[in-house]
Amino acid sequence: MNKTILITGGGRGIGAACALLAAEQGYRVCINYRSDAAAAAQVVRAIEAQGGAALALQADVVDEAEVERLFAEVDARCGQLDALVNNAGVLARQMRVDQMDAARIRRIMDTNVVGPFLCAREAVRRMSTRHGGSGGAIVNVSSRAAVLGSPNEYVDYAASKAALDTLTIGLSKEVAGEGIRVNGVRPGLIHTTMHADGGEPGRVERLQSSVPMGRGGEPEEVARAVLWLLSEAASYTTGSFIEVSGGR
Ligand code: NAP
(Lines give C-alpha, C1' and ligand atoms only; values in the text may rest on other atoms or scores of the structure.)
Protein backbone atom coordinates (compact mmCIF):
# COMPACT_ATOMS: atom_id res chain seq x y z
CA MET A 1 0.00 0.00 0.00
CA ASN A 2 1.23 3.53 -0.81
CA LYS A 3 2.34 5.75 2.05
CA THR A 4 0.21 8.81 2.74
CA ILE A 5 1.70 12.29 3.10
CA LEU A 6 -0.04 15.49 4.20
CA ILE A 7 1.49 18.77 3.04
CA THR A 8 0.10 21.99 4.51
CA GLY A 9 0.05 24.84 1.99
CA GLY A 10 0.66 22.30 -0.75
CA GLY A 11 -1.12 24.16 -3.54
CA ARG A 12 1.61 26.65 -4.40
CA GLY A 13 5.34 27.30 -4.19
CA ILE A 14 7.53 24.99 -2.12
CA GLY A 15 4.53 22.97 -0.90
CA ALA A 16 3.41 22.24 -4.45
CA ALA A 17 6.95 21.14 -5.40
CA CYS A 18 6.94 18.79 -2.38
CA ALA A 19 3.56 17.40 -3.45
CA LEU A 20 4.73 16.68 -7.00
CA LEU A 21 7.97 15.02 -5.87
CA ALA A 22 6.19 12.99 -3.17
CA ALA A 23 3.77 11.68 -5.80
CA GLU A 24 6.69 10.78 -8.07
CA GLN A 25 8.14 8.79 -5.15
CA GLY A 26 4.89 6.86 -4.74
CA TYR A 27 3.16 8.69 -1.90
CA ARG A 28 -0.58 9.26 -1.91
CA VAL A 29 -0.60 13.05 -1.44
CA CYS A 30 -3.02 15.10 0.66
CA ILE A 31 -2.67 18.74 -0.36
CA ASN A 32 -3.93 21.22 2.20
CA TYR A 33 -4.65 24.79 1.18
CA ARG A 34 -6.28 27.79 2.85
CA SER A 35 -7.99 29.75 0.07
CA ASP A 36 -6.49 29.07 -3.36
CA ALA A 37 -8.62 26.07 -4.35
CA ALA A 38 -7.74 26.46 -8.04
CA ALA A 39 -3.99 26.17 -7.40
CA ALA A 40 -4.46 23.07 -5.22
CA ALA A 41 -6.76 21.49 -7.83
CA GLN A 42 -4.12 22.09 -10.50
CA VAL A 43 -1.48 20.22 -8.45
CA VAL A 44 -3.93 17.34 -7.96
CA ARG A 45 -4.55 17.21 -11.72
CA ALA A 46 -0.82 17.26 -12.48
CA ILE A 47 -0.25 14.33 -10.09
CA GLU A 48 -3.17 12.35 -11.50
CA ALA A 49 -1.93 12.97 -15.06
CA GLN A 50 1.31 11.21 -14.06
CA GLY A 51 -0.67 8.25 -12.67
CA GLY A 52 -0.37 9.32 -9.02
CA ALA A 53 -3.01 9.77 -6.31
CA ALA A 54 -3.77 13.11 -4.68
CA LEU A 55 -6.57 15.05 -3.06
CA ALA A 56 -6.99 18.69 -2.07
CA LEU A 57 -8.24 19.52 1.43
CA GLN A 58 -9.18 23.03 2.53
CA ALA A 59 -8.35 24.07 6.10
CA ASP A 60 -6.86 27.08 7.85
CA VAL A 61 -4.05 25.68 10.02
CA VAL A 62 -4.53 28.53 12.48
CA ASP A 63 -7.96 27.21 13.46
CA GLU A 64 -7.87 24.23 15.86
CA ALA A 65 -11.25 22.86 14.79
CA GLU A 66 -10.27 23.09 11.10
CA VAL A 67 -6.99 21.28 11.78
CA GLU A 68 -8.91 18.50 13.57
CA ARG A 69 -11.32 18.28 10.64
CA LEU A 70 -8.39 18.19 8.17
CA PHE A 71 -6.76 15.22 9.89
CA ALA A 72 -10.13 13.45 10.27
CA GLU A 73 -10.60 13.80 6.50
CA VAL A 74 -7.15 12.30 5.92
CA ASP A 75 -8.12 9.39 8.24
CA ALA A 76 -11.39 8.84 6.39
CA ARG A 77 -10.02 9.08 2.87
CA CYS A 78 -6.52 7.63 3.20
CA GLY A 79 -6.34 5.58 6.41
CA GLN A 80 -2.87 5.67 7.95
CA LEU A 81 -0.84 8.91 7.86
CA ASP A 82 2.88 8.32 7.33
CA ALA A 83 4.36 11.77 6.74
CA LEU A 84 3.56 15.41 7.50
CA VAL A 85 5.17 18.48 5.97
CA ASN A 86 4.43 21.61 7.98
CA ASN A 87 4.95 23.95 5.05
CA ALA A 88 2.17 26.56 5.26
CA GLY A 89 3.63 29.90 6.25
CA VAL A 90 3.16 33.61 5.77
CA LEU A 91 5.05 36.86 5.98
CA ALA A 92 3.80 40.43 5.92
CA ARG A 93 4.97 43.71 4.40
CA GLN A 94 8.57 44.63 5.01
CA MET A 95 8.97 46.98 7.97
CA ARG A 96 11.07 47.63 11.07
CA VAL A 97 10.05 46.25 14.48
CA ASP A 98 9.29 49.79 15.67
CA GLN A 99 6.49 49.96 13.07
CA MET A 100 4.79 46.61 13.78
CA ASP A 101 1.42 46.28 15.52
CA ALA A 102 0.24 43.37 17.64
CA ALA A 103 -2.34 42.14 15.09
CA ARG A 104 0.37 41.62 12.49
CA ILE A 105 2.76 39.87 14.88
CA ARG A 106 -0.05 37.60 16.13
CA ARG A 107 -1.06 36.64 12.58
CA ILE A 108 2.51 35.63 11.76
CA MET A 109 2.92 33.65 15.00
CA ASP A 110 -0.52 31.99 14.61
CA THR A 111 0.21 30.76 11.10
CA ASN A 112 3.90 29.91 11.38
CA VAL A 113 3.99 28.59 14.96
CA VAL A 114 0.54 27.68 16.33
CA GLY A 115 -0.50 26.04 13.03
CA PRO A 116 2.52 23.70 12.87
CA PHE A 117 2.11 22.87 16.59
CA LEU A 118 -1.51 21.83 16.03
CA CYS A 119 -0.68 19.81 12.91
CA ALA A 120 2.27 18.13 14.65
CA ARG A 121 -0.01 17.27 17.59
CA GLU A 122 -2.56 15.62 15.32
CA ALA A 123 0.19 13.76 13.42
CA VAL A 124 1.78 12.44 16.65
CA ARG A 125 -1.62 11.25 17.90
CA ARG A 126 -1.83 9.11 14.76
CA MET A 127 1.80 8.07 14.15
CA SER A 128 3.15 7.45 17.65
CA THR A 129 3.56 3.84 18.75
CA ARG A 130 2.52 5.16 22.18
CA HIS A 131 -0.93 5.81 20.66
CA GLY A 132 -1.05 2.55 18.67
CA GLY A 133 0.40 4.05 15.45
CA SER A 134 3.15 2.63 13.25
CA GLY A 135 5.54 5.58 13.30
CA GLY A 136 6.17 8.26 10.70
CA ALA A 137 8.15 11.36 9.86
CA ILE A 138 7.56 15.11 10.11
CA VAL A 139 9.42 17.89 8.32
CA ASN A 140 8.96 21.49 9.36
CA VAL A 141 9.69 24.09 6.68
CA SER A 142 11.59 26.79 8.54
CA SER A 143 13.78 29.47 6.97
CA ARG A 144 17.33 30.82 7.01
CA ALA A 145 15.55 33.86 8.48
CA ALA A 146 15.47 31.97 11.80
CA VAL A 147 19.24 32.36 11.94
CA LEU A 148 19.73 35.66 10.05
CA GLY A 149 16.91 37.57 11.84
CA SER A 150 15.59 39.47 8.77
CA PRO A 151 16.38 43.00 10.03
CA ASN A 152 14.41 45.84 8.38
CA GLU A 153 12.20 43.28 6.63
CA TYR A 154 10.33 40.95 8.96
CA VAL A 155 11.89 40.13 12.32
CA ASP A 156 8.47 38.76 13.35
CA TYR A 157 8.64 36.16 10.58
CA ALA A 158 12.25 35.29 11.49
CA ALA A 159 11.27 34.87 15.15
CA SER A 160 8.35 32.63 14.18
CA LYS A 161 10.72 30.36 12.24
CA ALA A 162 13.12 30.21 15.20
CA ALA A 163 10.16 29.07 17.32
CA LEU A 164 9.39 26.43 14.69
CA ASP A 165 13.01 25.22 14.91
CA THR A 166 12.61 24.82 18.67
CA LEU A 167 9.44 22.79 18.06
CA THR A 168 11.52 20.58 15.75
CA ILE A 169 14.23 20.04 18.39
CA GLY A 170 11.90 19.49 21.35
CA LEU A 171 9.34 17.32 19.59
CA SER A 172 12.04 15.20 17.93
CA LYS A 173 13.32 14.23 21.38
CA GLU A 174 9.82 13.72 22.77
CA VAL A 175 8.84 11.18 20.10
CA ALA A 176 12.19 9.66 19.06
CA GLY A 177 11.39 6.47 20.99
CA GLU A 178 7.89 6.29 19.48
CA GLY A 179 8.84 5.70 15.84
CA ILE A 180 8.64 9.33 14.70
CA ARG A 181 11.46 11.42 13.25
CA VAL A 182 11.11 15.22 13.22
CA ASN A 183 13.43 17.39 11.13
CA GLY A 184 13.55 20.82 9.56
CA VAL A 185 14.69 22.49 6.36
CA ARG A 186 15.82 26.09 6.23
CA PRO A 187 15.35 27.46 2.71
CA GLY A 188 17.11 30.67 1.71
CA LEU A 189 15.94 32.89 -1.14
CA ILE A 190 13.58 30.74 -3.18
CA HIS A 191 11.68 31.78 -6.31
CA THR A 192 8.02 31.82 -5.18
CA THR A 193 5.33 34.49 -4.98
CA MET A 194 5.76 34.77 -1.20
CA HIS A 195 8.14 37.71 -1.62
CA ALA A 196 5.32 39.72 -3.25
CA ASP A 197 3.40 39.37 0.04
CA GLY A 198 6.27 41.24 1.66
CA GLY A 199 5.79 44.02 -0.92
CA GLU A 200 8.82 43.15 -3.08
CA PRO A 201 8.17 40.63 -5.88
CA GLY A 202 11.76 41.05 -7.12
CA ARG A 203 13.40 40.44 -3.72
CA VAL A 204 15.27 37.30 -4.82
CA GLU A 205 16.79 39.15 -7.80
CA ARG A 206 17.81 42.09 -5.59
CA LEU A 207 19.55 39.89 -3.04
CA GLN A 208 20.94 37.06 -5.12
CA SER A 209 24.40 38.61 -5.36
CA SER A 210 24.67 38.13 -1.57
CA VAL A 211 24.21 34.36 -2.02
CA PRO A 212 27.59 32.58 -2.25
CA MET A 213 26.21 30.47 -5.12
CA GLY A 214 25.11 33.70 -6.84
CA ARG A 215 21.47 32.77 -7.47
CA GLY A 216 18.10 32.17 -5.85
CA GLY A 217 16.83 28.62 -5.36
CA GLU A 218 13.97 26.74 -6.95
CA PRO A 219 11.10 25.17 -4.97
CA GLU A 220 12.11 21.76 -6.38
CA GLU A 221 15.54 22.11 -4.73
CA VAL A 222 13.85 22.52 -1.34
CA ALA A 223 11.46 19.65 -2.05
CA ARG A 224 14.36 17.25 -2.62
CA ALA A 225 15.71 17.96 0.88
CA VAL A 226 12.24 17.60 2.43
CA LEU A 227 11.60 14.26 0.73
CA TRP A 228 15.06 12.98 1.69
CA LEU A 229 14.42 13.77 5.36
CA LEU A 230 11.11 11.91 5.16
CA SER A 231 12.66 8.88 3.47
CA GLU A 232 14.23 5.72 4.89
CA ALA A 233 17.56 7.07 3.64
CA ALA A 234 17.34 9.44 6.64
CA SER A 235 16.44 6.65 9.09
CA TYR A 236 18.95 7.79 11.79
CA THR A 237 18.36 11.52 11.33
CA THR A 238 16.10 13.37 13.74
CA GLY A 239 16.12 16.81 15.37
CA SER A 240 18.26 17.94 12.45
CA PHE A 241 18.19 20.70 9.83
CA ILE A 242 19.18 21.01 6.20
CA GLU A 243 20.07 24.51 4.97
CA VAL A 244 18.86 24.88 1.37
CA SER A 245 20.21 28.34 0.75
CA GLY A 246 23.10 28.31 -1.71
CA GLY A 247 25.47 29.01 1.18
CA ARG A 248 23.71 32.16 2.45
P1 NAP B 1 3.77 30.68 -0.93
O2 NAP B 1 4.11 30.43 -2.35
O3 NAP B 1 3.31 32.01 -0.47
O4 NAP B 1 2.71 29.57 -0.48
C5 NAP B 1 2.26 29.55 0.83
C6 NAP B 1 1.30 28.38 0.99
O7 NAP B 1 0.86 28.36 2.36
C8 NAP B 1 0.05 28.53 0.14
O9 NAP B 1 -0.28 27.26 -0.41
C10 NAP B 1 -1.03 28.97 1.14
O11 NAP B 1 -2.35 28.51 0.84
C12 NAP B 1 -0.54 28.27 2.40
N13 NAP B 1 -1.05 28.89 3.62
C14 NAP B 1 -0.79 30.12 4.11
N15 NAP B 1 -1.45 30.32 5.26
C16 NAP B 1 -2.16 29.19 5.50
C17 NAP B 1 -3.04 28.77 6.52
N18 NAP B 1 -3.35 29.58 7.54
N19 NAP B 1 -3.59 27.54 6.43
C20 NAP B 1 -3.30 26.69 5.41
N21 NAP B 1 -2.45 27.04 4.41
C22 NAP B 1 -1.91 28.26 4.46
O23 NAP B 1 5.02 30.35 0.01
P24 NAP B 1 6.39 29.55 -0.26
O25 NAP B 1 7.39 30.54 -0.66
O26 NAP B 1 6.15 28.33 -1.07
O27 NAP B 1 6.72 29.13 1.25
C28 NAP B 1 6.41 27.87 1.78
C29 NAP B 1 7.12 27.73 3.12
O30 NAP B 1 8.52 27.93 2.91
C31 NAP B 1 6.69 28.78 4.14
O32 NAP B 1 6.64 28.21 5.41
C33 NAP B 1 7.81 29.81 4.06
O34 NAP B 1 7.94 30.52 5.25
C35 NAP B 1 8.99 28.93 3.78
N36 NAP B 1 10.12 29.63 3.17
C37 NAP B 1 10.01 30.23 1.94
C38 NAP B 1 11.11 30.89 1.41
C39 NAP B 1 11.09 31.58 0.07
O40 NAP B 1 12.07 32.26 -0.26
N41 NAP B 1 10.02 31.45 -0.72
C42 NAP B 1 12.30 30.95 2.14
C43 NAP B 1 12.37 30.34 3.38
C44 NAP B 1 11.28 29.67 3.88
P45 NAP B 1 -3.23 29.16 -0.38
O46 NAP B 1 -2.55 28.67 -1.64
O47 NAP B 1 -4.58 28.60 -0.21
O48 NAP B 1 -3.13 30.65 -0.22
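Student: How do the residues of the shell around the ligand divide into nonpolar, polar and charged?
Tutor: They divide into 13 nonpolar, 14 polar and five charged, where Ala, Val, Leu, Ile, Met, Phe, Trp, Tyr, Cys and Pro count as nonpolar, Asp, Glu, Lys and Arg as charged, and the others, Gly among them, as polar. The model is predicted: local features need pLDDT of at least 70 and side-chain atom pairs pLDDT 80 or more, while totals for chains, interfaces and linings use all residues. Residues are numbered from 1 along each chain as its sequence is written, and side-chain values use heavy atoms, without hydrogens and water.

Student: What makes the approach of Arg12 to the ligand a polar contact?
Tutor: A polar side-chain atom of Arg12 lies 2.8 Å from a ligand oxygen atom. This is a polar contact because the term requires a pair of N or O atoms within 3.5 Å. Thr192 meets the limit too, with a polar side-chain atom 2.5 Å from an oxygen atom of the ligand. The protein covers 98% of the 900 Å² of accessible area that the ligand has on its own (Shrake-Rupley method, 1.4 Å probe).

Student: Where does the ligand sit, and what makes that place a pocket?
Tutor: The ligand sits in the largest pocket, which means that more than half of its atoms lie within 2 Å of the pocket's grid points. On a 1 Å grid over the protein atoms alone, a pocket is an open set of points with protein on both sides within 12 Å along at least five of seven lines.

Student: Which residues lie nearest the centre of the largest pocket?
Tutor: Of its 46 lining residues, Asn87, Gly89, Val90, Leu91 and Met194 lie nearest the centre; a lining residue has an atom within 4 Å of a point.

Methods:
Polar contact = N/O pair within 3.5 Å; in protein donor to acceptor, adjacent residues only side chain to side chain. 1 Å grid on protein atoms, 1.4 Å probe; cavity = no way out; pocket = protein on both sides within 12 Å on 5 of 7 lines; lining within 4 Å.
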